Each structure stands twice: as C-alpha cells, then as structure tokens.
Amino acid sequence: MNAIELNNLSKKFGNFYAVKDVDLTIKEGEIFGLLGPNGAGKSTIMKMISTLLKPTLGTIKINGNFINKNLYKVKKSISLVSDYNVLEDDLTPTENLKMFAEISNIKNYKDTLDDLMKDFGLNIYKNKLTKHLSSGNKQKLNIARALIKKPSILLLDEPTNAIDVETSRFIREYIIENNKKYNTTIIISSHYIWEVEQICNSIGVIVDGKIAFKDNTENIYDKFQKLMSIYEILIPKDKFEDIVKYLEGFKDEILSFKTISTKKIIVELKNNDFVFPDYVEKRKITPNLEDVYSYIVKKDKKL
Ligand SMILES: Nc1ncnc2c1ncn2[C@@H]1O[C@H](COP(=O)(O)OP(=O)(O)O)[C@@H](O)[C@H]1O
Ligand SMILES: [Mg+2]
C-alpha cells in the first residue's frame, strides 16, 4: 500500500513557488531520504504532508485518504520532528510528553511514555526542566514526543543537524529499529548524504522546489554507474606532478578531480572517451551518493 501520495503538489509564498508540481509516492514501511540544497523546499513539503501548511495546488493522500477530507484521521497517524522548538522549556521531559499525549488525545499512553523515557535515556533527567537539557537530549525528547502517538508515518526534518556524534548515531539506530518493529513509513531530510545513504531505501533529490530525481537506492548506483564516468587512476612514482599538469590541460573534459595521495587521483569525466597517459592505470568506479547528488544538483538534470 502507498503510505504517501503527492500529486502535482505546489506551494506558493507570494509569487514564489517554494514547491512546484511535485509527484511522489512512498510505500508503507519505506525509509525515504529527501536531499536538496538549502531552500530547495524540503521543509515546506514536510510541513504540507504533516498538515501544518496548506498546499496552493495539488493533493496529498495519506494511507489512501485525502488529507483535506480526513484531517483528524491523518493527523493521528503522522508526526513531524521539525527544526523549530515545540517543547515547553519550563516543563520536565515527562511533563512535555504528557502534554503532547493529552493534546493529541491519545488514550493509554502511560506505558509508551515510560518506554520512551527509558529507551531515550531520559529517566535520569526526569526532574530537570527541559531548558536545562543538552541540545542532544532535547532532540531525543523531540523524537520521543513524535513517537508517543505511535505514528504510522514519521517525518524527520534534519533530525541530526547540530547534534553530537553519539546522539546522532543513537537517533539513526532508533529510527531503523522503529521502522523494523512497526513498519513505520519514514521521510528523513538531511544535509549528511552518507546518513541518508546509510538508512534510506529510496531517495529523492529536490532542486528549486522540483523533484530532480528519485529512485530506490539499489537502482541509483547502477543507473549512475552508466551515466557518470568516474575513474580512479593509479600513478607511478615521481609522475604525480606530470599527471596533475596533464589533467589541468583538459578543463573542458574533466568535471572534477580529487587527489587522494600522490599515488591516487579520482577523476570525474564528462564522458568515457578521455585518453589518460599510458603511465597511469585506470579503473572505473561506482559513484557514491555524494557523487550522484552533486551531479544532479550541479547539472540540475531531470533524469
Ligand atoms: N513562510 C514562508 N514565507 C515565505 N517564504 C518561505 C516560507 N517558508 C519557506 N519559504 C521559502 O521557500 C523556499 C523553500 O524553503 P524550505 O522548504 O524551508 O527549504 P529547505 O527545507 O529545503 O531548506 C525557500 O526559498 C524559503 O525561503
Ligand atoms: Mg529545511
């Protein structure tokens, strides 16, 4: 079943389209990664899906229901973890969770609340005011708050942005575990491409409010392996300066080159016809998601 269906979705602020004609289908249980430069429209899409913002045009279906016609039902099944603070600073973590459970009209939340406090390691701060928690613990509380209603769809807008390494890792592991255990459908936006690569099974890249590319992770590498020409070249001793000079002479044929060491350079070419000097050994390599991402964003290609 499709958990989320966006059809022709657009959002205008004044005369400016923050989101334009987005069609996107996300299956139940999928972990979908939303990538894109700042201002691309990621947060706006998430806010529309979570009913916080009304689309200018187009439709959103959640678990088969149009959101404008089934607002209450949809609201019950979706949680958004956003970048703005929704916690009450002068309440304790438990009080915050209780408040959100009450507001969302959730019955019998006590056991879930206890489990979340325990799972997120928040019990030791039980009597502290939220304003005295570290930003990592505040983010854990934010996510616990989103999970207290046991949503079937969880939207995470840059959940590990500016969060310490350990907490970020915990959050990623918890997300994956939650998905496995409850088959939760998850959309996660992130600036960390490797993070998306690690946890998502499909990915969409949004540029200037439009979906420039989307596919599942298995297909992406095959597709871009064919489309892109990235080579690793191995350089014999004392030839490093020669090869750098050589490559610099072909600016039009070379999209980028990255020196790994004096023995190895990664070169991205416009096509496969480029001739390297005889003394180097070349090997075509599979692009990683970061290569794919910058290829799409730089060229703004519709694939
Ligand atoms: N409430 C708003 N009023 C006017 N412009 C907005 C508003 N919210 C977002 N925008 C603009 O819409 C574009 C998309 O924003 P956003 O969805 O936050 O991007 P992202 O999350 O990908 O960084 C940006 O140019 C942003 O400035
Ligand atoms: Mg954003």
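**Exercise 1. What percentage of the 303 residues in the chain is buried?**

Work from the predicted model, and start with the overall layout before turning to the count. The chain holds 10 helices and 14 strands, and its C-alpha atoms fill a box of roughly 70 × 45 × 35 Å along the principal axes. A residue is taken as buried when 20 or more other C-beta atoms lie within 10 Å of its own, and by that test buried residues make up 35% of the chain.

**Exercise 2. Describe how the chain is divided into domains, and where its nonpolar cores are found.**

Begin with the domain assignment, which gives domain 1 as residues 2–215 and domain 2 as residues 229–286; the C-alpha centres of these two domains lie 42 Å apart. Next, take the largest nonpolar core, which has 64 residues, with Ile-49, Ala-144 and Val-205 among those that have the most contacts inside it. A second, separate core has 5 residues, including Ile-233, Ile-235, Ile-243 and Ile-265.

**Exercise 3. Explain why strand S8 is described as largely enclosed, and identify its partners.**

First count the buried positions: 5 of the 5 residues of S8 (residues 185–189) are buried, so the strand is largely enclosed by the rest of the structure. Then consider the directions of the side chains. In a regular strand the side chains alternate between the two faces of the sheet. Here Thr-185, Ile-187 and Ser-189 point one way, while Ile-186 and Ile-188 point the other way, and all are buried. Finally, look for the paired strands: S3 (residues 31–35) runs parallel to S8 and is joined to it by 4 bridges, with Leu-34 opposite Ser-189, whereas S7 (residues 153–157) also runs parallel to S8 and is joined to it by 5 bridges, with Leu-156 opposite Ile-188.

**Exercise 4. Characterise the hairpin formed by S1 and S2.**

Strand S1 (residues 2–13) and strand S2 (residues 16–27) run antiparallel and are joined by 8 bridges; within this pairing, Leu-9 stands opposite Val-22. The turn is then examined: 2 residues lie between the strands, and Gly-14 in the turn has a positive phi of about 65°.

**Exercise 5. Which residues surround ligand 1, and which helix gives the most to its shell?**

The surrounding residues are Phe-13, Ala-18, Gly-36, Asn-38, Gly-39, Ala-40, Gly-41, Lys-42, Ser-43 and Thr-44. Sorting them by type gives 3 nonpolar, 6 polar and 1 charged. As for the helix, H1 (residues 42–49) gives the most to the shell, with 3 residues.

Methods
Residues are numbered from 1 along each chain as its sequence is written. Chains are lettered from A and ligands numbered from 1 in the order in which they are written. This is a predicted model: local features need pLDDT of at least 70, side-chain atom pairs count only at pLDDT 80 or more; totals for chains, interfaces and linings use all residues. A residue is near a molecule or strand if its C-beta atom, placed from the backbone, lies within 6 Å of it. Ala, Val, Leu, Ile, Met, Phe, Trp, Tyr, Cys and Pro count as nonpolar, Asp, Glu, Lys and Arg as charged, and the others, Gly among them, as polar. Domain bounds come from an automatic or database domain assignment. Two strands pair if DSSP finds at least two bridges between them. A nonpolar core is a set of buried Ala, Val, Leu, Ile, Met, Phe, Trp, Tyr and Cys residues joined through C-beta atoms within 7 Å. A residue is buried if 20 or more other C-beta atoms lie within 10 Å of its own, exposed if 12 or fewer, and partly exposed in between; C-beta atoms are placed from the backbone.
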